[in-house]
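User: I should like a close look at a single part of this structure. Please explain it in connected prose that a first-year student can follow.

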Amino acid sequence: MVGLCVASWLFVGGSTTRILVSITAVDGVCRLVCKCGLSGACYKLISPGPGKKKKTLVIGLTGGICAGKSTVSEHLKLLGATIIDTDKLAHELYLPGKEAYDVVVKEWGSRIVSDDKTINRRVLGGIVFKDPAEMAKLNGIMWPRVQARCLELIEEHRRAGAKVVFVENAILFQSGMETIMDAIWVVYVSKEVAKVRLMERNKLTEEEALARIASQPDPDSLKERGTVVIGTDRPVEETREEVAHIYNQLLQ
């Protein structure tokens with residue numbers, strides 16, 4: 001069904017500019033991407049046209065490694081948002097007894113299994129982050145299973161009446177999950193800041209940190225594909241204030 005939808009674009013950063021446009025949307029889903037080229041955060045507020053029933057918004061939350069996705073996600077939780085963390089879903093699927101566990105262990109052997117029989121993710125990471133072919137192999141095992149579980153959870157939250165569901169996924173575009181999102185929030189930080197954060201957080205050498213960053217989506221290319229871009233190369237309180245402002249606008 002095709003209906004009329006009104007989308008409001010807002011630019012946050014110094015001054016605020018509002019542009020109202022009428023567009024044609026399928027089932028009330030407006031899929032526009034801001035191309036204003038301005039610094040700051042650009043975001044879209046979606047409202048159904050006359051006679052259209054409000055739907056659950058599914059928003060992808062992504063960004064490069066150590067960009068600050070967890071900071072944004074945790075603050076959204078404090079604001080009452082529903083979050084699906086695909087990294088945690090993957091961790092659950094790695095557990096002994098889960099389908100992915102047997103497949104992963106069969107592929108990489110006992111060297112990745114800890115004494116308690118769980119998968120040693122640090123050892124596995126050391127293998128796949130150094131070799132794109134190995135990473136592709138792991139992704140081929142995990143992505144379909146993570147996506148299936150994610151879709152189940154989205155439907156559960158939809159039936160429960162959630163207004164907005166955020167799907168936190170560092171590899172949103174590579175996994176193809178952007179196709180089910182109504183909007184995409186990109187958390188951004190420069191590669192240099194990401195390197196320092198990663199070295200401190202994971203106790204890595206500079207070489208190891210750079211290898212992991214290289215295996216992740218390019219932060220600058222992600223910025224071009226986001227409906228919302230949130231920079232975290234600033235005091236964390238400023239980031240939280242911006243997140244709260246945008247999220248509260250979504251609920252109105």
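Analyst: The account below concerns one helix, a strand beside it and a cavity. The model is a predicted one.

Helix α1 spans residues 69–78, and its buried residues are K69, V72, S73, H75 and L76. Viewed down the helix axis, these buried residues fall within an arc of 165°, so they line one face of α1. The elements that cover them include strands β4 (57–63), β5 (82–85), β6 (164–168) and β7 (183–188), together with helix α9 (236–251). After α1 comes G80, which has a positive phi near 100°.

Strand β4, one of the elements covering the buried residues of α1, contains T62. T62 is buried, as its relative accessible area is 0%, and a residue counts as buried under 20%. Its side chain has a polar atom 2.7 Å from the backbone oxygen of N169, and the side chain of T62 also reaches the backbone oxygen of A170 at 3.3 Å. Leaving aside residues up to four places away in sequence, T62 touches K69 of α1, as well as N169, A170, I171, L172, F173, I184, W185, V186 and V187.

V187, a contact of T62, is also one of the residues lining the second largest cavity. The whole structure holds 2 cavities of 30 Å³ or more, and the second largest has about 60 Å³ of space. Its lining consists of G64, I65, A67, V187, V189, A194, I213, Q216, P217 and P219. Of these lining residues, 8 are nonpolar, 2 are polar and none is charged.

Notes. Residues numbered from 1 in each chain as written. Predicted model: local features only at pLDDT ≥ 70, side-chain atom pairs only at ≥ 80, totals over all residues. Heavy atoms only, no water. Buried < 20%, exposed > 50% of the residue type's maximum accessible area, 1.4 Å probe, protein only. Helix = DSSP H or I, 4+ residues; strand = E, 2+ residues; numbered from the N terminus. Arc of directions from axis to C-beta. Contact = heavy atoms within 4.5 Å. 1 Å grid on protein atoms, 1.4 Å probe; cavity = no way out; pocket = protein on both sides within 12 Å on 5 of 7 lines; lining within 4 Å. Points joined across faces, edges and corners; volume = space filled by probe spheres on them. Nonpolar A, V, L, I, M, F, W, Y, C, P; charged D, E, K, R; others polar. Polar contact = N/O pair within 3.5 Å; in protein donor to acceptor, adjacent residues only side chain to side chain.
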